[in-house]
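I opened my notebook and sat down with a new structure. Come along and follow what I looked up.

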Amino acid sequence: MLTDSKPATWKAALLFVATGAGLYFYFENEKEKLRLKKIAEQSTKSIGKPSIGGPFNLVDADGKPFTDQDLRGKWTLMYFGFTHCPDICPEELDKMGAAVDLIEQKHGLGAVLPVFISVDPARDSVPQVKQYIQDFHPRMIGLTGDYESVKRACKSYRVYFSSPPNVKPGEDYLVDHSIFFYLMDPLGQFVDAFGKATSAHEVSVKTMDAMKRWEAAGGNKAAGV
Amino acid sequence: MYSARLVSKTSLGSIFNQSRGNAMWPFSSSSSPNEPSTSASSSTSATPTTAPNREQRAACWKARDEYFDCLIKNRVTVPGEEGPGVCKGEVKVYEQKCGKTWMEHFNKRKETELKQQALIGYRPPTPGR
């Protein structure tokens with residue numbers, strides 16, 4: 001009889017609604033987890049990306065040892081060049097500095113570190129590098145080292161290294177080098193490369209996109225840096 | 001990929017062989033028999049061994065651009081081949097401000113650029129006074 005089954009109907013209805021709601025929230029949760037996982041994979045995916053980056057053992061502009069570990073936990077834009085460079089290095093370093101300024105406006109000072117690494121160990125001594133980077137962004141880090149250390153760093157970053165090993169004092173030469181600067185994430189992994197055709201604005205947009213994806217995937221905490 | 005050119009061994013040798021006591025880059029200029037006689041040999045004193053700073057670079061680029069403007073005005077297509085008496089003042093300042101290595105680098109690049117322009121029939125606008 002209908003009147004006898006009313007409470008049963010209510011219970012059934014409630015159970016139905018509760019199950020429906022439960023299933024809905026469960027699926028939404030799973031979808032969100034999947035979405036985050038996809039983001040995390042995208043921002044750190046290693047398939048199809050060049051294996052740029054790796055350990056290096058250099059010296060900063062104050063003569064103190066500086067390794068790749070010192071950059072862990074930080075976003076960096078790295079440029080390989082030399083101080084006796086006619087125009088390309090200064091232009092790219094200026095562009096890098098301008099991009100860093102744009103990013104710092106939104107994310108605060110030190111959000112991205114500009115790094116200059118010399119590919120000319122024979123002439124780019126520590127004082128030379130220190131003086132050189134003074135012309136550029138205030139937070140720019142300048143790195144150099146001896147011939148072997150620089151060669152190893154270039155190898156890690158797949159940078160063409162053509163500095164002659166034995167240079168006589170007063171000898172002048174230009175160093176062949178690729179003119180990209182690399183965006184590296186807080187784990188020291190390669191994210192993107194920017195060339196002559198990329199404007200400072202584009203660099204800042206792409207970098208901030210990468211930073212946003214990184215944060216969405218859990219940020220430094222999730223990455224363990 | 002754009003790359004700065006490595007200086008050829010011959011010009012390097014000529015720079016080194018001409019070493020005087022204080023002749024150091026970037027302000028030492030030595031004219032060797034191999035080079036076109038477009039510049040009077042003028043070496044400035046007090047040669048710094050450090051790379052040029054921002055102001056010095058800007059001064060070099062300005063001198064370079066003035067020299068190239070002069071070449072365009074005189075319809076010269078290869079830097080260095082402008083002939084006697086043409087753009088003499090400009091090239092002197094250019095060499096003094098930039099040094100031989102940078103000059104060769106810029107000139108080579110300009111030559112390529114002008115050749116490409118000629119190929120596509122592009123004529124750069126005549127620089128105003």
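These are my entries, one topic at a time.

**Entry 1: what I am looking at**

I noted at the start that this is a predicted model.

**Entry 2: a stretch from the record**

I checked UniProt and found that an unreviewed entry lists residues 12–27 of chain A as "transmembrane region". In the model I saw that this span is 100% helix and 0% strand. I looked up the C-alpha atoms at its two ends, and they lie 22 Å apart.

**Entry 3: the annotated binding site**

Which residues does UniProt place under "binding site"? I found Cys85(A), Cys89(A) and His177(A), again from an unreviewed entry. These residues span 93 residues in sequence, yet no two of their C-alpha atoms are more than 10.2 Å apart, so they gather at one spot.

I took Cys85(A) and found it in the loop between strand E3 (75–81) and H2 of chain A. Is Cys85(A) buried or exposed? I read a relative accessible area of 0% for Cys85(A), so this residue is buried. Leaving out residues up to four places away in sequence, I saw Cys85(A) touch Pro90(A) and His177(A), and also Arg57(B) and Trp102(B) from chain B.

I moved on to Cys89(A), which sits in helix H2 of chain A. Cys89(A) is buried too, with a relative accessible area of 0%. Beyond its neighbours within four places in sequence, I listed Tyr79(A), Gly81(A), Phe82(A), Tyr132(A) and His177(A) as the contacts of Cys89(A). I underlined His177(A), since I had met it in the list for Cys85(A) and found it again in the list for Cys89(A).

**Entry 4: two helices in chain A**

I reminded myself that two packed helices are described by the angle between their axes and the distance between the axes. For helix H2 (residues 88–107) of chain A and H5(A), I found that the axes come within 8 Å and cross at roughly 45°. H2(A) and H5(A) are therefore oblique to each other. Their crossing is right-handed. I wrote down some of the residues that make the contact, including Ala99(A), Leu102(A) and Ile103(A) of H2(A) and Ser204(A), Thr207(A) and Met208(A) of H5(A). By class, I counted 8 nonpolar, 4 polar and 2 charged residues there.

I then picked Ser204(A), which lies in helix H5 (residues 200–216) of chain A. Ser204(A) is buried, with a relative accessible area of 2%. Setting aside neighbours within four places in sequence, I found Ser204(A) in contact with Ala99(A), Leu102(A) and Ile103(A). I also compared Ser204(A) with Glu104(A): they are 100 residues apart along the chain, and their C-alpha atoms are separated by 9.5 Å.

**Entry 5: two helices in chain B**

I looked at helix H2 (residues 54–73) and helix H3 (residues 88–119) of chain B, which pack at an angle of about 75° with their axes 8 Å apart. H2(B) and H3(B) are therefore roughly perpendicular to each other. Among the residues that meet, I noted Arg57(B) and Glu66(B) in H2(B), and Trp102(B) and Lys110(B) in H3(B). The residues of this contact divide into 13 nonpolar, 1 polar and 7 charged. I recognised Arg57(B) and Trp102(B), because Cys85(A) touches both of them.

I finished with Glu66(B), in helix H2 of chain B. Glu66(B) is partly exposed, with a relative accessible area of 41%. The C-alpha atoms of Glu66(B) and Cys87(B) are separated by 9.4 Å, and the two residues are 21 residues apart along the chain.

Notes
Residues are numbered from 1 along each chain as its sequence is written. Chains are lettered from A and ligands numbered from 1 in the order in which they are written. This is a predicted model: local features need pLDDT of at least 70, side-chain atom pairs count only at pLDDT 80 or more; totals for chains, interfaces and linings use all residues. Side-chain values use heavy atoms; hydrogens and water are left out. UniProt positions are given in the numbering used here, feature names are shortened, and annotations may be inferred rather than shown by experiment. Helices (H or I, at least four residues) and strands (E, at least two) are DSSP runs, numbered from the N terminus. Axes are lines fitted to C-alpha atoms, for helices over the stretch in contact, and angles run from 0 to 180 degrees between N-to-C directions. Angles under 35 degrees count as roughly parallel, over 145 as roughly antiparallel, 65 to 115 as roughly perpendicular and the rest as oblique. Contact means heavy atoms within 4.5 Å. Ala, Val, Leu, Ile, Met, Phe, Trp, Tyr, Cys and Pro count as nonpolar, Asp, Glu, Lys and Arg as charged, and the others, Gly among them, as polar. Buried means under 20% relative accessible area, exposed over 50%, partly exposed in between (1.4 Å probe, protein chains only). A crossing is left-handed if the near helix is turned anticlockwise from the far one by less than a right angle, and right-handed if clockwise.
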